[in-house]
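Welcome! Have a look at the structure below, then work through the exercises at your own pace. Each task comes with a solution in steps.

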Amino acid sequence: MLVVIVLIVLLALCFDFTNGFHDTANAIATSVSTRALSPRAAVLIAGAMNLIGALTFTGVAKTIGGKIADPLKIQHGMLVVLAALLAAIFWNLFTWYFGIPSSSSHALIGGLSGAVVGAAGFGAINYGGFRSIIEALITSPIFAFILGYIIMWILRLLFGGMSPHRVNRGFRFLQCFSAAAQAFMHGTNDSQKTMGVITFALIAGGYQHSMHIPFWVKILCAVAMGVGTATGGWRIIKTVGSKIIKIEPINGFASDLTSSAIIFGFTLLKLPVSSTHVISSAIMGSGAAKRPKGVHWGMAGRIVVAWLITIPITGCIAALLTRLFLL
């Protein structure tokens, strides 16, 4: 049992490392693309603010760990988590290789749900909790697109008469703060998902009996995500920062402000969101408000397709792995 839980923790940290390729890279993509921050400074800020954010809230971790299924009622719960993590890691690496900012959140939630079904059938899923999670994942990017459009429209109204050089200089400075805020908000939500999965495994293995998130779990998950950003996030930064729209400082600030507000709002509701979805949608919304033809809708379509297929694919992979483990 101890060997299995150690393996789960190591795999969970690997997942957070690959999550750093995706989601934390998204959090700093706009500030790097507009040269508001150097890549090194952006990574350092993202890592530090992610750590602080991860230590500040625990509501999302408890939602992930307890609302999809009850870890006290699932037989072979640790094998369930093992299969979920393997499926999510595979999908993160696959999409990272092709530079597609798919959702690590979707990968983990799909993997955990599929693994539960593979171990105990569809009846083991808590459909009320699962539905609330899916609703949050679907509605958050819609809200981000709308809010990004509105904020950019307001900024154009306020600063449209000023010289582009002056506007860019001012918003490039403001992006230093908006990028830090976005990284903090990312930590309040995304870093908690793996914390919830580890806690699920600890409860299933009998190592604890409540959804209390141990401090050591918080620290390890936050650090693993920061290291992943520093070593592998540049493929996703290139996609988010240049292939959706040509980002200027004012767009970048509007996108950062939008995604920070959306992520934090859902964190207060203790609901997980995909920062990939939220940030990409905020960029599309701000771009559409400034110049709809400037949005690369083909790339946006590829991202949406990745969003739609991630949960089913990782769910099926995790279910198959679980059945293999139980043979």
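## Exercise 1: A glycine in a helix

Gly285 is found in helix α11, which spans residues 275–290. Please keep in mind as you work that this is a predicted model.

**Task.** Decide whether Gly285 is buried or exposed, and find which residues Gly285 touches, not counting those up to four places away in sequence.

**Solution.**
- Step 1: Start with the relative accessible area of Gly285, which is 0%.
- Step 2: Buried means under 20%, so Gly285 is buried.
- Step 3: Leaving out residues up to four places away in sequence, Gly285 touches Phe145, Gly148 and Tyr149.
- Step 4: To go a little further, pick Val295, 10 residues from Gly285 along the chain; the C-alpha atoms of the two are separated by 9.1 Å.

## Exercise 2: The whole chain

**Task.** Work out how many helices and strands the chain has, and what percentage of its residues count as buried.

**Solution.**
- Step 1: Going through the chain gives 12 helices and zero strands.
- Step 2: Read from the N terminus, the order of elements is therefore α-α-α-α-α-α-α-α-α-α-α-α.
- Step 3: The chain has 327 residues, and 58% of them count as buried.
- Step 4: Now take the contacts between residues at least 6 apart in sequence: 88% of these join residues at least 24 apart.

## Exercise 3: Two helix pairs

**Task.** Find the angle at which the axes of α3 and α7 cross, then do the same for α5 and α6.

**Solution for α3 and α7.**
- Step 1: Helix α3 covers residues 59–67 and helix α7 residues 164–204; their axes come within 7 Å and cross at roughly 40°.
- Step 2: This angle makes α3 oblique to α7, and the crossing is right-handed.
- Step 3: On the α3 side, the contact is made by Gly59, Val60, Ala61, Ile64 and Gly65. On the α7 side, Thr188, Asn189, Gln192, Lys193, Met195, Gly196, Val197 and Phe200 take part.
- Step 4: Sorted by class, the residues of this contact of α3 with α7 are six nonpolar, six polar and one charged.

**Solution for α5 and α6.**
- Step 1: The axes of α5 (residues 104–120) and α6 (residues 127–159) come within 12 Å and cross at roughly 160°.
- Step 2: Angles over 145 degrees count as roughly antiparallel, so that is how α5 and α6 are related.
- Step 3: The crossing of α5 past α6 is left-handed.
- Step 4: His106, Ile109 and Ser113 of α5 meet Phe130, Ile133 and Leu137 of α6. Four residues of this contact of α5 with α6 are nonpolar, two are polar and none is charged.

## Exercise 4: Phi angles and cysteines

**Task.** Say where His76 lies and where Lys270 lies, then determine how many disulfides the structure has.

**Solution.**
- Step 1: Most residues other than glycine have a negative phi.
- Step 2: His76 is not a glycine, although its phi is positive, at about 55°. His76 lies in the loop between α3 and α4 (77–97) and, at 44% relative accessibility, is partly exposed.
- Step 3: Lys270, also not a glycine, has a positive phi of about 65°. Lys270 sits in the loop between α10 (249–268) and α11, and its relative accessible area of 49% makes it partly exposed.
- Step 4: Turning to disulfides, a search of the whole structure finds zero. Cys14 is partly exposed at 39% relative accessibility, whereas Cys221 is buried at 0%.

Note on methods
Residues numbered from 1 in each chain as written. Predicted model: local features only at pLDDT ≥ 70, side-chain atom pairs only at ≥ 80, totals over all residues. Heavy atoms only, no water. Axes fitted to C-alpha atoms, helices over the stretch in contact; angles between N-to-C directions. Helix = DSSP H or I, 4+ residues; strand = E, 2+ residues; numbered from the N terminus. Parallel < 35°, antiparallel > 145°, perpendicular 65-115°, else oblique. Left-handed = near helix turned anticlockwise from the far one by under 90°. Contact = heavy atoms within 4.5 Å. Nonpolar A, V, L, I, M, F, W, Y, C, P; charged D, E, K, R; others polar. Disulfide = S-S within 2.5 Å. Buried < 20%, exposed > 50% of the residue type's maximum accessible area, 1.4 Å probe, protein only.
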